Amino acid sequence: MKHGVRRGRTGMRAAVLAALAVVALAGPSATGARADDQCGGTGPWCNTSLTADQRAQLLLEALSESQKISLLAGNDVLGVTGASGHTGSSAGVPGLVPSVHFTDGTAGIRQGPATAVPVELAVAASFDPALAQLDGSLLGNEAKYKGNDVIYGPTLTVMRVAQAGRTFQAFGEDPLLASRLGVGLIDGIQSQGVIANANIYLANNQEGIDPTELSGMPGSPLGAGTIGSRYLIDANVDERTLREIYLPPFEAAVKEAHVGTVMCAYNLVNGTYNCENGPLLNGILKQQWGFPGVVLSDYGASHDTVASLRGGLDLEPWPGVAYAPAPVTAALASGLVTRAQLDDHVRRYLRTLFAAGVFDRSAYAEEEARIEKAAHAATARRIEEGSITLLENRGPVLPLDPSHVRSIAVIGKPAGSFITGGGSSAVTPYSAVTPLQGITERAGPGVHVAYDDGSNAARAVALARASDVTVVVAANYETEGADLNCLTLECPHNAYGEQDSLIEQVAAANPKTIVVLETGGPVLTPWRGLLSGLLDAWYPGEQGGAAIARVLFGDVNPSGHLPVTFPQSEAEEPTAGDLQSYPGVANSETYKEGVSVGYRWFDAHNLQPAFPFGFGLSYTSFSYGGLSVARTAGGARVSAMITNAGSRKGSTVAQLYLGLPAQPGVPEPPAQLRGFAKLTLAPGRSRRVSFALDGRSLAYWKTATGAWTVAAGCDPVMVGSSSRELPLTGTLAINGASCPGALASVKVSPTP
């Protein structure tokens, strides 16, 4: 649910009241039991030997115009509030089209208690598509057994600004990483017979800043009057930036994962609301990419009936205002919308349900007893263990050894809490293991573990000074509906106390201080040089405390790598000090940084981040060698030999970056991620990893021709463990370029 009016959230009240006012038009709520025979059994569209397209066309021809119109909007007005259980419902057509239920989301199913899994940003830190698929399978399974047909996720928004309130809900700052992890998550969800939803299309890169935050006064996290509000902001983005940065994850979702639905966002792009944007919906998504599925609107994101019907919006799941029967009927009568356009929207909806098997199975019932809670908890822990990212380890003090550590001070309010983000990710876990619980249980009876919530710094310092090791657990709070106004641990409104000051004082009192962060994105770490250890567990899900403890004590070797850049200061961010870039002026902003997003910006401007994209330490060490580049039929293959040079089994992420040659008027960042591989090695063992490069990997979007283009040139090839640790370098000669010492020479055409 990409909106946010549940669990105490106060935004969009006007939209809710409007929805309640049209309840008579919307029809009865579709939250009850459904017939087992979802196809009806008599129509020719029930013939399973036909294709989904053939079946959809046959059923479409059997529907009356009023029945078709009834399928354009959801029926459960209260779904957004959670009062009816599901996030939303479509009643279908009795005897012909089954009802369909929708739910949030990818931090866990937000429908009563559920397994709370690590958020998408944590999954991104794993750099492991297989782990993302496992995550998706769990989510799809629970969505099904809670009676849902569609799950709103994954979020495929590439992080543009570190303050964005929904950073934790997506896969970070790189389009390739988001693409690969997004495909994995979708594959997992849809393997369970549940339809995934790729959201939020497109350039939905901010929520807006609540003015009360800027003044330090408490305010609503949804703040209807926010500066740069997601409901009103017009994102002015050049075509090259859209094609190279913000569109690729959605393209992969459509072409590779065959996602069933795509959600259009609140904001405008280049002057037009997303849900009315014909060039983005009809043009790129449906025609160029061949998306056969359903475009549905974020909740309250549809505005004009005619513009939406003509622009490519297929379904308004809530509140059914723009697509209520009366305005749709009027649009058809006026001639501004054709019946062929109506049929296309309905056909897509029917075709998606046929393709997903909805017509050919019994309706999913709410059978929560069938959810294997213990197994799912173990899976959530496994995902988190693959995502925890070690950033500092001096001494090294980690992993902790109970035979040498007799006392541990655990400090900080988040240590005793279940931490997650707000809005549509605010999941109620079946059970939760806090960091304090996890550390206490793992330390065992021979180690004294004492806790202080940190509210009194002097008391916490005294405890730290009297302990062998101190673990400070610190967090930030991010929520859908509101951006952060800064990147310190005190934003917003000191949600967990004066954490930066607390960390500094505790570290001064005990040199063996470890900080465990639970954050939804990058934060400032001015105290990092005072610590013996630092790791980020992100928003870790219900088994976060157990996973953190297993990493701290070395039962699991940390293998996460940063999916986002941690800056040294906010002044280094691409949009810093430029209101036209962010949060916008008069509800308009310009993406002046272009393709230089995240680490691309830091590299292009020679800025040294606190921790670079792709960075992550281990309890062992890895060496890189044997760089090789070979020509293939479609491009090139880069390979390298990775060796575990340490004394412990561990995992690392080998990363390939390319430096594409800049063209006149087309600047290129120094390096762009073009491949990655997570591998596990025993001590002394080696493995060769390889990365395939096709024409698309070597191409840039040429706006003048509106096509992908491969330029002749000498492309730097770099392999290593982060965007700033690239020990293997070479050159690839492209399309006849003369490059002395090149490892290979290839001629390629761009892949469409």
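**Sheets, helix packing and internal space in the predicted model**

Strand E10 and strand E15 (residues 533-536) are paired in the antiparallel sense, with four bridges between them. The model in which this pairing occurs is a predicted one. Leucine 390 has leucine 535 in E15 as its bridge partner. The two strands belong to an open sheet of six strands with mixed pairing, ordered E10-E15-E14-E13-E11-E12. The edges of this sheet are formed by strand E10 (389-393) and strand E12 (448-452), each of which pairs on one side only, and from one strand to the next the twist averages 15°. Packed on the sheet is helix H19 (residues 544-552), which touches strand E13 (469-475), strand E14 (513-518) and E15, and whose direction makes about 145° with that of E14.

Another open sheet, again described by mixed pairing, is formed by six strands in the order E1-E2-E3-E4-E6-E9. Strand E1 (88-90) and strand E9 (294-297) stand at its edges with a single partner strand each, so that one side of each is left without a neighbour in the sheet. Neighbouring strands are turned against each other by 25° on average, when direction is ignored. Strand E6 (residues 261-264) pairs with E9 in the parallel sense over four bridges, and threonine 261 has valine 294 in E9 as its bridge partner. Helix H11 (residues 278-288) lies across strand E4 (195-201), E6 and E9, and runs at about 135° to E4.

An antiparallel pairing is also found between strand E17 (residues 622-631) and strand E18 (residues 636-644), which are joined by eight bridges. The connection from E17 to E18 is a hairpin of four residues, and arginine 631 stands opposite alanine 636 in E18.

Among the helices, helix H9 (residues 239-246) and helix H10 (residues 248-255) pack at an angle of about 55°, their axes being 6 Å apart. The two helices H9 and H10 are therefore oblique to each other. On the side of H9 the contact is made by Leu242, Arg243, Glu244, Ile245 and Tyr246, and on the side of H10 by Pro248, Pro249 and Phe250. By class, the residues of this contact of H9 with H10 comprise six nonpolar and two charged, with no polar ones.

Both H9 and H10 recur in the description of the largest pocket, where they are among the elements that give two or more residues to the lining, together with helix H7 (175-190), strand E20 (672-681) and strand E21 (686-693). This pocket holds about 700 Å³ of space. It is lined by 27 residues, of which Leu176, Ser179, Arg180, Arg696 and Ser697 are the closest to its centre. The most is given to the lining by E20, which provides five residues. Divided by class, the lining of the largest pocket has twelve nonpolar, four polar and eleven charged residues.

Enclosed space was searched for over the whole structure, and seven cavities of 30 Å³ or more were found. The largest cavity contains about 140 Å³ of space. Its lining consists of 19 residues, with Thr157, Ala164, Arg166, Thr167 and Asn204 lying nearest the centre. In the lining of the largest cavity, seven residues are nonpolar, nine are polar and three are charged.

Methods:
Residues are numbered from 1 along each chain as its sequence is written. This is a predicted model: local features need pLDDT of at least 70, side-chain atom pairs count only at pLDDT 80 or more; totals for chains, interfaces and linings use all residues. Side-chain values use heavy atoms; hydrogens and water are left out. Two strands pair if DSSP finds at least two bridges between them. Axes are lines fitted to C-alpha atoms, for helices over the stretch in contact, and angles run from 0 to 180 degrees between N-to-C directions. Contact means heavy atoms within 4.5 Å. Angles under 35 degrees count as roughly parallel, over 145 as roughly antiparallel, 65 to 115 as roughly perpendicular and the rest as oblique. Ala, Val, Leu, Ile, Met, Phe, Trp, Tyr, Cys and Pro count as nonpolar, Asp, Glu, Lys and Arg as charged, and the others, Gly among them, as polar. On a 1 Å grid over the protein atoms alone, a cavity is a set of points where a 1.4 Å probe fits but cannot get out, and a pocket is an open set with protein on both sides within 12 Å along at least five of seven lines; lining residues have an atom within 4 Å of a point. Grid points are joined across faces, edges and corners, and a volume is the space filled by probe spheres set on the points.
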